Amino acid sequence: QVQLVESGGGLVQTGGSLSLSCAASTSIVALDVMGWYRQSPGRQRELVARIDRNSRRNYADSVKGRFTISRDNAKNTVSLQMNSLKPEDTAVYYCNAGGNWLTNWPGKDWGQGTQVTVSL
């Protein structure tokens with residue numbers, strides 16, 4: 001089991017930027033997919049971005065061109081750079097480890113989440 005700890009959330013104005021980081025307790029080199037998901041009140045958890053061990057990436061349509069996911073296998077971290085933030089990006093953001101690229105299923109390991117709030 002991989003322990004995941006997110007950091008970097010907070011309050012930002014519309015159009016601002018935040019950078020989220022996820023630190024894993026073990027090596028992530030062998031893990032296929034690392035991802036970021038988010039959940040806002042009354043909504044299901046949704047995929048924001050994911051990256052596989054070969055650095056293939058994909059993004060939710062709602063964040064394309066604004067968010068960038070990166071992975072540092074040497075440091076066992078995954079980051080999410082969020083630019084041009086909108087109020088609808090407000091949610092709790094979760095890091096996920098060990099997903100499957102082909103099936104798009106998330107892995108079984110989740111972080112505790114970090115709150116991102118975008119004000120008008």
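**Close-up 1. Arg38 and its polar partners.** In this predicted model, the side chain of Arg38 makes a polar contact with the side chain of Asp89, at 3.0 Å. The Arg38 side chain also has a polar contact with the side chain of Tyr93, at 2.9 Å. Arg38 itself sits in strand S4. It counts as buried because its relative accessible area is 6%, under the 20% cut-off.

**Close-up 2. The wider surroundings of Arg38.** Zoom out a little and, setting aside neighbours within four places in sequence, you'll find Arg38 in contact with Gln44, Arg45, Glu46, Val48, Ser62, Val63, Phe67, Glu88, Asp89, Ala91, Val92 and Tyr93. Two of these names, Asp89 and Tyr93, are the polar partners from the previous view.

**Close-up 3. Glu6, a buried acid without a salt bridge.** Glu6 belongs to strand S1, residues 4-7. Here's the curious bit: Glu6 is buried yet has no salt bridge. The nearest side chain of opposite charge is that of Arg45, and it is 7.5 Å away; a salt bridge needs the charged atoms within 4 Å, so Arg45 doesn't qualify. What does the Glu6 side chain have close at hand instead? A polar atom of the Glu6 side chain lies 3.0 Å from the backbone nitrogen of Gln112. The backbone nitrogen of Gly113 is 2.9 Å from a polar atom of that Glu6 side chain.

**Close-up 4. Who else touches Glu6.** Not counting residues up to four places away in sequence, Glu6 touches Ser21, Cys22, Trp36, Tyr93, Tyr94, Cys95, Gly111, Gln112, Gly113 and Thr114. Tyr93 shows up here as well as among the contacts of Arg38.

**Close-up 5. The cavity and its lining.** The count comes to 1 cavity of 30 Å³ or more, and the largest cavity holds about 40 Å³ of space. Its lining is made up of Val33, Met34, Gly35, Tyr37, Arg50, Asn96, Gly99, Asn100, Asn104, Trp105 and Pro106. The elements giving two or more residues to that lining are strand S4 (33-39) and strand S9 (91-99). S4 gives the most, with 4 residues; this is the strand that carries Arg38.

**Close-up 6. Asn54 out on a loop.** Asn54 is in the loop between strand S5 (46-52) and strand S6 (57-59). With a relative accessible area of 60%, over the 50% cut-off, Asn54 is classed as exposed. Asn54 and Val33 are 21 residues apart along the chain, and their C-alpha atoms are separated by 9.3 Å. Val33 also appears in the lining of the largest cavity.

Definitions and conventions:
Residues numbered from 1 in each chain as written. Predicted model: local features only at pLDDT ≥ 70, side-chain atom pairs only at ≥ 80, totals over all residues. Heavy atoms only, no water. Buried < 20%, exposed > 50% of the residue type's maximum accessible area, 1.4 Å probe, protein only. Lys, Arg positive; Asp, Glu negative; His and termini not counted. Polar contact = N/O pair within 3.5 Å; in protein donor to acceptor, adjacent residues only side chain to side chain. Contact = heavy atoms within 4.5 Å. 1 Å grid on protein atoms, 1.4 Å probe; cavity = no way out; pocket = protein on both sides within 12 Å on 5 of 7 lines; lining within 4 Å. Points joined across faces, edges and corners; volume = space filled by probe spheres on them.
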